[in-house]
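Here is a friendly walk through one protein model, moving from its domains to its empty spaces, its helix packing and a few backbone details. Have the viewer open as you read.

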Amino acid sequence: MVKTKDVPLNFLPAHTLNSLLKKKQVCAGDIAKSVTDAIQKVEPAIHAFLRYDAGHILKQAAEIDKYISSGGPIKDFTGIPVAVKDNICTLGVTTTCASKILSNYIPVYDATVIRRLKLQDYILTGKANMDEFAMGSSNENSFFGPVKNPWDISRVPGGSSGGPAAAVAAGLSICSIGSDTGGSIRQPASLCGVVGLKPTYGLVSRYGLIAFASSLDQIGPFTHDVEDSARLLNVISGWDENDSTSISSIKNGQIDYTGFLKDDIKGMRIGVPKELMVNEIDPQVKAAVQKALKLAEVAGAIIEETSLPSLEYALSVYYIIAPSEASSNLSRFDGVRYGRRSMDAQTLRQMYKKSRSEGFGPEVKRRIMIGTYSLSAGYYDAYYEKAQKVRTLINNDFAKAFAKYDVLISPTSPTTAFKIGEKIDDPLQMYLSDICTIPVNLAGLPAISIPAGLSKSSGENPPLPIGLHIIANTLREDNVFRAAYTLEKALGFDKHPMYLYEQS
Ligand code: GLN
C-alpha cells in the first residue's frame, strides 16, 4: 500500500491526492490500487457497496493515466474514486434503491451529478448500500442486508446513506455522493466520523435521483474534510434545465465554494437552539458540542442560546409530509414501467398488488400507508394541510433566527452509533435519530456535519464518532463553510478506523 506521511492513499482527501497527481508523486493507478486493495480486505466486513467492479476501477485509472501522460488536464476529481448512493441513476449500471422492486433496473441515463463528475474524469468506485428508497436511519432497511459501522461492526453506520458514509470512513472510497431528505447525509456522516453536507434545496440538481420526498430531497457530498466538501459542491452544484426546482440564478461553476474556506470566525454570530439540545441528547454528545462552542468562542465568535419554538413539531410534520410525497412518488413502481413484476398474477389488479407487495419492504409499506392515509379525502385537512401550515411556522422561526445569527449549531445526532437491531422494532425511537436534522430539510436550508471527536470507551463500548451540526440560511453556504473550516481546524479530528486493516 502506498503511504504518504503514514496515512495510506485511500484515507487521504481528494485535494491532497490531486496535488500529488499534479506533482506526479502518485498516478491514478496508485490511488485506484489502494482503494481496490482496501475494498478487497475490508468490504466483506462492512458491506458498504451493493455493486463494484475492482477490475473496472483499475482499468479506468489506467486510461486516465494514459490520458494525463498525453497532456490531458488534471481537474479537481480526475482519477478520484467516488462512491455513489444506489438511488442515483448511473447509465448502464444497475441502480436498485436497495429495493427488491428495482433489483433489475438499469438506468438508460446518468443523473446530472454523474454527468458533471464524468466531465472531471472521476472514477465510480461503486454503487453504495442504503436504506430501501432512502427510508431509514440505520441502513437496516436495505433489501440486500445492512451496512456495518467501520468503528464497530456490531453497530449501525446511520442512514439512509450508510453505505456512502461507511465507504469514506473505512477508506473504501475517497469521497461519495448521497442524498438527504431528513438527515440521510448528515446523520450517517456523524455516526461514521466523516464530513457530510446537505446543500440548500435546489442548489444541486435532483435529476436522476430516484425520488423519495421531492420537496425535501437533496444530493450532497461525503468527504474526509471540509475542503473536499467545497470542491465536490463546486462540481455538482448549479442550475439544471432538467430539474424545475433547481435554482436558476446559480450556474454550474459560477461560485467557487473553496473561496469560503477561511480559518476566521471573528465576530460570527452563532445561535444554539435550545429545542435541539433536548433531553434525548446523550451527555457525551452534548459535552462534545459544548467543547466545540467553547473553541468557537475562543476564535472570536459570539455564542448565544436561542429558541425556535416550532422545531418541537418538526418530526411530526416531517412524518406526514415525507410519507405523503413518498406515497405519490412510489406509485410509479407498479410492475409495468420499472423494475420487477410478479409473474404469478391472473389479472391486472393482481399484478399491481403482487408486484408491490412482494417488491417493497416493511418500512416502505409503512410510509406508503401513512402517506396515502394523510392525503386521502377526509384526512387531508387534518393531517397534510395542517402539516404544511406548521412547516411555514418552522420556516418563519428559521427566518427570525437568521436575522440575528449567521449560523445555528447543534449536535447532528442525539446519540453515537447504536447497535444493529437495537431500534429496528421501534420505529418511533428510530425516527428520533433525525430530530436535529429534519427541521433543516423542511426549511430547505444548507447544513453540514463535521466530526467533533470520539466518545470515551467504556466496557464493551469502543470510542465512537460524534458529529457537530452547522446550519445556515438559504444559499449561505459561505457561512456553513467558514464555520465548518474554522471549527474543523480547531477540533483537529484526524482519526480513522485503522484497526480494520490491522486484523489479518
Ligand atoms: N431517517 C429519515 C427517514 O427515515 C431521513 C431519511 C433521509 O434523509 N433520506 O425518513
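## Domains, spaces and packing

The centres of domain 1 and domain 2, taken over C-alpha atoms, are separated by 27 Å. The model is a predicted one, and the domain assignment gives domain 1 as 3-306 + 394-493 and domain 2 as 311-391. Where the two domains touch, domain 1 brings 36 residues to the contact and domain 2 brings 29 residues.

Let us turn to the empty space. Rolling a probe the size of a water molecule over the atoms shows where such space is left. The count of cavities of 30 Å³ or more comes to 1, and the largest cavity holds about 80 Å³ of space. Its lining is made of 15 residues, and those nearest the centre are Ala134, Gly136, Ser184, Tyr318 and Asp434. Which domains supply the lining of the largest cavity? Domain 1 and domain 2 each give at least three residues to the lining.

The largest pocket has a volume of about 660 Å³. It is lined by 25 residues, of which Pro13, Asp225, Phe493, Asp494 and His496 are the closest to its centre. Two or more lining residues come from each of helix H1 (14-22), helix H7 (226-236), strand S12 (447-454) and helix H15 (477-491). H15 gives the most to this lining, with 3 residues.

Next come two pairs of helices. Two packed helices are described by the angle between their axes and the distance between the axes. For helix H2 (residues 28-46) and helix H3 (residues 54-69), the axes come within 8 Å and cross at roughly 170°. An angle over 145 degrees counts as roughly antiparallel, and H2 and H3 are therefore roughly antiparallel to each other. On the H2 side the contact is made by Ala28, Gly29, Ala32, Lys33, Thr36 and Ile39, and on the H3 side by Ala54, Ile57, Leu58, Ala61, Ile64 and Asp65.

How do the axes of helix H9 (residues 314-329) and helix H11 (residues 362-375) cross? They come within 7 Å and cross at roughly 100°, which makes H9 roughly perpendicular to H11. In this contact, Tyr319, Ile320, Pro323, Ser324 and Ser327 of H9 meet Arg367, Ile368, Ile370, Gly371, Thr372, Ser374 and Leu375 of H11.

The table sets out the residue classes for the two linings and the two helix contacts.

| Set of residues | Residues by class |
|---|---|
| Lining of the largest pocket | 11 nonpolar, 7 polar, 7 charged |
| Lining of the largest cavity | 5 nonpolar, 8 polar, 2 charged |
| Contact of H2 with H3 | 8 nonpolar, 2 polar, 2 charged |
| Contact of H9 with H11 | 6 nonpolar, 5 polar, 1 charged |

Finally, two backbone details are worth a look. Most residues other than glycine have a negative phi, and most peptide bonds are trans. Ala98 has a positive phi, near 55°, and lies in the loop between strand S4 (81-85) and helix H4 (112-118). The peptide bond from Gly159 to Ser160 is cis, with omega near 5°. Where is Ser160 placed? It sits in the loop between strand S5 (123-128) and helix H5 (162-169).

Key. Residues numbered from 1 in each chain as written. Predicted model: local features only at pLDDT ≥ 70, side-chain atom pairs only at ≥ 80, totals over all residues. Heavy atoms only, no water. 1 Å grid on protein atoms, 1.4 Å probe; cavity = no way out; pocket = protein on both sides within 12 Å on 5 of 7 lines; lining within 4 Å. Points joined across faces, edges and corners; volume = space filled by probe spheres on them. Helix = DSSP H or I, 4+ residues; strand = E, 2+ residues; numbered from the N terminus. Nonpolar A, V, L, I, M, F, W, Y, C, P; charged D, E, K, R; others polar. Axes fitted to C-alpha atoms, helices over the stretch in contact; angles between N-to-C directions. Parallel < 35°, antiparallel > 145°, perpendicular 65-115°, else oblique. Contact = heavy atoms within 4.5 Å. Domains from an automatic or database assignment.
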